[in-house]
There are 2 protein chains.
Amino acid sequence: MTVTIREIAKHAGVSRGTVDRVLNDRPGVKPEVRDRILEIVNELNYVPNIAAKALAYQKKPVTLGIVMPPKEIVFFELIRSGISSASEELKDLGVRLEYRYVDNKRPEEGAAAIRELVEIGVSGIMFSVMDDELIRESINYAAQKNVPVVTFNSDVEDSKRVCFVGQDLHKSGVVAAGLMNRVLPAEAKVVILTGNLKFHAHRARVEGFKQGLKSSGGSLQVERVIEGFDRYEDTYAQLNQTLSEHADISGIYMATGDTDACLEVIKLHRKEGKIRVVCNDMLPSVEQGMRDRMIDFTIVQNPERQGYLSLRLLFDLVFAGKQPEMEHYFTETHIYIPESL
Amino acid sequence: MTVTIREIAKHAGVSRGTVDRVLNDRPGVKPEVRDRILEIVNELNYVPNIAAKALAYQKKPVTLGIVMPPKEIVFFELIRSGISSASEELKDLGVRLEYRYVDNKRPEEGAAAIRELVEIGVSGIMFSVMDDELIRESINYAAQKNVPVVTFNSDVEDSKRVCFVGQDLHKSGVVAAGLMNRVLPAEAKVVILTGNLKFHAHRARVEGFKQGLKSSGGSLQVERVIEGFDRYEDTYAQLNQTLSEHADISGIYMATGDTDACLEVIKLHRKEGKIRVVCNDMLPSVEQGMRDRMIDFTIVQNPERQGYLSLRLLFDLVFAGKQPEMEHYFTETHIYIPESL
DNA sequence: ATGAAAGCGCTAACAT
DNA sequence: ATGTTAGCGCTTTCAT
């Protein structure tokens, strides 16, 4: 027999209303009664019935806030589709979603969005904006107001967010190294392209790659690590220079940065098909590069799942009181080749 | 405003009971009334509320049947874990699962299981047993009794199953060819290992591989296609012979078959690390082979997702009347290398 | 501080 | 053939 709120009430010799108050941390219950009820709840191993809760919430649905970049940011497209799947499943379950689209490079917008969502009374927040002190403060403010925050895609470290769902950037790099090792001959020379090594997120892949090369006992040489600062021109100029100076470069790991710039330089040097290219993510430019057979591999970390899982975790937490089991949920690392498309 | 059964009743000038009868195809409604109600249902775009249904079904849950191999068949482990995730989500939603474990090489067991489940009154069935005429008949029998069947992992073609969830075997082969092409030099010789070319499932990967080699304009040569009939000895003997006769084999595509036999032969010929090996699936023997760096790649088709999706589709169908959108749901093709583990 | 009762949308048993 | 009603387990409002 599944144990209901009614059973608890009977055991405790109180009404269902009182039990409900205790279970939902509502005021107006004598501490000793509260304790006794909680004891019984534990003893009987009570678990709330989702369907019943959902039905009761129909009139005044629980609201979950989502803060992320707007539709124009194509990188988030698949994450959005994962969120959609989850929200489809939750459609009838007494949940409403409240979106706030912000520039994910503008911490102040993200921080403000969190506070606003807390003000309007959301029960939980999904959040993806570049890490920053302002944001940390907002997240902690939400936490203190009992509004749990799940970060996704990019984490806000040392904040009071309940968990993070995203990529294992270091592992991307390790896997990229494994691929290079298999497609290039011994002693071959490779170049790493990244954005800005000051950012942890950019550094992690590069470090993973280097470590991967080492630990696999490979003999590949990293000729240079280029910081392109996510700009076409910088990337183009530096890579161009490098390829000019080193005609024997046979692999490029595009850890972070402008794919188009990279491919243009390869064309300029007439190295199509001669230089092996490993990328990350499946942006339109990467997909095109694969179709054109200029990119050999791209490493992807299940963005749909990031979206789906974050929302699901948040729902389970606020609706069933189910605490996330981990602090970091890393989505699986997958490898694509042109034939995978 | 979401439209409820009550609204429909009001519009039609009947009671909620009658509407319920119509919506659930229960007898005892005058045809003209039924038609009128259905019209209104369409017009108002009525969608049943899952939470309410689930709650009402608490006492007498809807039962879904699952026919698949028992725990000993390790291949299904991940599929099972996907089923578990889905059933976790559906726990409170008025659904009960009824398992029948059968040898998936024994169609008569599978066919009997379907009939039995239909007899005991399940509302839908998930099914995975090798294709066979007996099974086709059972599935059609179930369909005729209004019990939808979703096949997963291996399809039962030309049957009245509502849809199939599983791998795109042909694509596995194409992707394998893409990998071989990237890691082997031009003109290299490869061997294909399969089970029994009489089986469509075994043939599909082999054909995909060959076609992949061709269409990518590669120059690799398929030296031989070995049928190992899923037996260690046959595989061992034939591969051994082939490697003895052709010292220049530099790639093996393990489309289907006994991985251990394959690896043993490679060791025997001291070709560890010299012959590139591409496998399918992530069986324990494959995983071990990767850790030992004897297998370079394995191609996997999201078995968890197969389990999850099949159950979810079945639930949506019987619970919300949502017809599957496709007849074939192919799970995504993923590539793993040792560093992915 | 606590109890009682109505209601969320749907099903099913019982009436008519 | 159709209407009425009592739940399903939880929330919430209104009494006490």
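**Two DNA strands, two chains and the cores between them**

In this predicted model, the side chain of Arg21(A) puts an N or O atom 2.6 Å from a base oxygen of DNA strand C. Arg21(A) also turns up, with Lys30(A), Ile5(B), Asp20(B) and Tyr46(B), among the residues that come nearest to strand C, out of 27 around it. Both protein chains are thus named in that short list. Another base oxygen contact involves the backbone: a polar backbone atom of Leu55(A) sits 3.4 Å from a base oxygen of DNA strand C. The phosphates get their share too, with a backbone N or O atom of Ser15(A) lying 2.7 Å from a phosphate oxygen of strand C. Taking the atoms of DNA strand C within 4 Å of the protein, 67% are sugar or phosphate, and the rest belong to bases.

As for which helices do the work of lining strand C, α2 (16–23) and α4 (50–56) of chain A, along with α2 (16–23) and α4 (50–56) of chain B, each put in at least two residues. Sorted by class, that surface comes out at 11 nonpolar, 8 polar and 8 charged residues.

Now for DNA strand D. Here 31 residues surround the strand, and the closest are Ile5(A), Asp20(A), Tyr46(A), Arg21(B) and Lys30(B). Of the strand D atoms within 4 Å of the protein, 60% come from sugar or phosphate, with bases making up the rest. On the phosphate side, an N or O atom in the side chain of Thr18(B) is 2.9 Å from a phosphate oxygen of strand D, while a polar side-chain atom of Arg26(A) lies 3.3 Å from a phosphate oxygen of this strand. On the base side, Leu55(B) offers a backbone N or O atom 3.3 Å from a base oxygen of DNA strand D. Helices α2 and α4 of chain A and α2 and α4 of chain B each supply at least two residues of the surface near strand D, and the residues of that surface split into 11 nonpolar, 10 polar and 10 charged.

Turning to how the two protein chains meet, 35 residues of chain B are in contact with 35 residues of chain A. Putting the chains together buries about 3,000 Å², with carbon and sulfur atoms giving 52% of that area. On the chain B side, Asp92(B), Arg182(B) and Glu339(B) lose the most area to chain A, and together they account for 23% of what that side buries.

The largest nonpolar core counts 54 residues, and Leu93(A) and Leu93(B) have the most contacts inside it. Leaving out residues up to four places away in sequence, Leu93(A) touches Ile50(A), Ala54(A), Phe315(A) and Phe319(A) in chain A, plus Ala51(B) and Leu93(B) in chain B. Apart from this core lies another one, of 42 residues, which includes Val175(A), Tyr253(B), Val278(B) and Ile337(B).

Finally, a look at one residue of chain B. Leu311(B) belongs to helix α13 (residues 303–320). With a relative accessible area of 0%, Leu311(B) counts as buried, because the cut-off for that label is under 20%. Setting aside neighbours within four places in sequence, Leu311(B) is in contact with Leu64(B), Ile83(B), Ala86(B), Ser87(B), Leu90(B), Leu97(B) and Met126(B). Asp258(B), on the other hand, is 53 residues away along the chain, and its C-alpha atom is separated from that of Leu311(B) by 30 Å.

How values were computed:
Residues are numbered from 1 along each chain as its sequence is written. Chains are lettered from A and ligands numbered from 1 in the order in which they are written. This is a predicted model: local features need pLDDT of at least 70, side-chain atom pairs count only at pLDDT 80 or more; totals for chains, interfaces and linings use all residues. Side-chain values use heavy atoms; hydrogens and water are left out. A residue is near a molecule or strand if one of its heavy atoms lies within 4 Å of it. A polar contact is a pair of N or O atoms within 3.5 Å; within protein, one must be able to donate a hydrogen and the other to accept it, and residues adjacent in sequence count only if both atoms are side-chain atoms. Helices (H or I, at least four residues) and strands (E, at least two) are DSSP runs, numbered from the N terminus. Ala, Val, Leu, Ile, Met, Phe, Trp, Tyr, Cys and Pro count as nonpolar, Asp, Glu, Lys and Arg as charged, and the others, Gly among them, as polar. A nonpolar core is a set of buried Ala, Val, Leu, Ile, Met, Phe, Trp, Tyr and Cys residues joined through side-chain atoms within 4.5 Å. Buried means under 20% relative accessible area, exposed over 50%, partly exposed in between (1.4 Å probe, protein chains only). Contact means heavy atoms within 4.5 Å. Buried area is the accessible area (1.4 Å probe) that two parts lose on being put together, summed over both.
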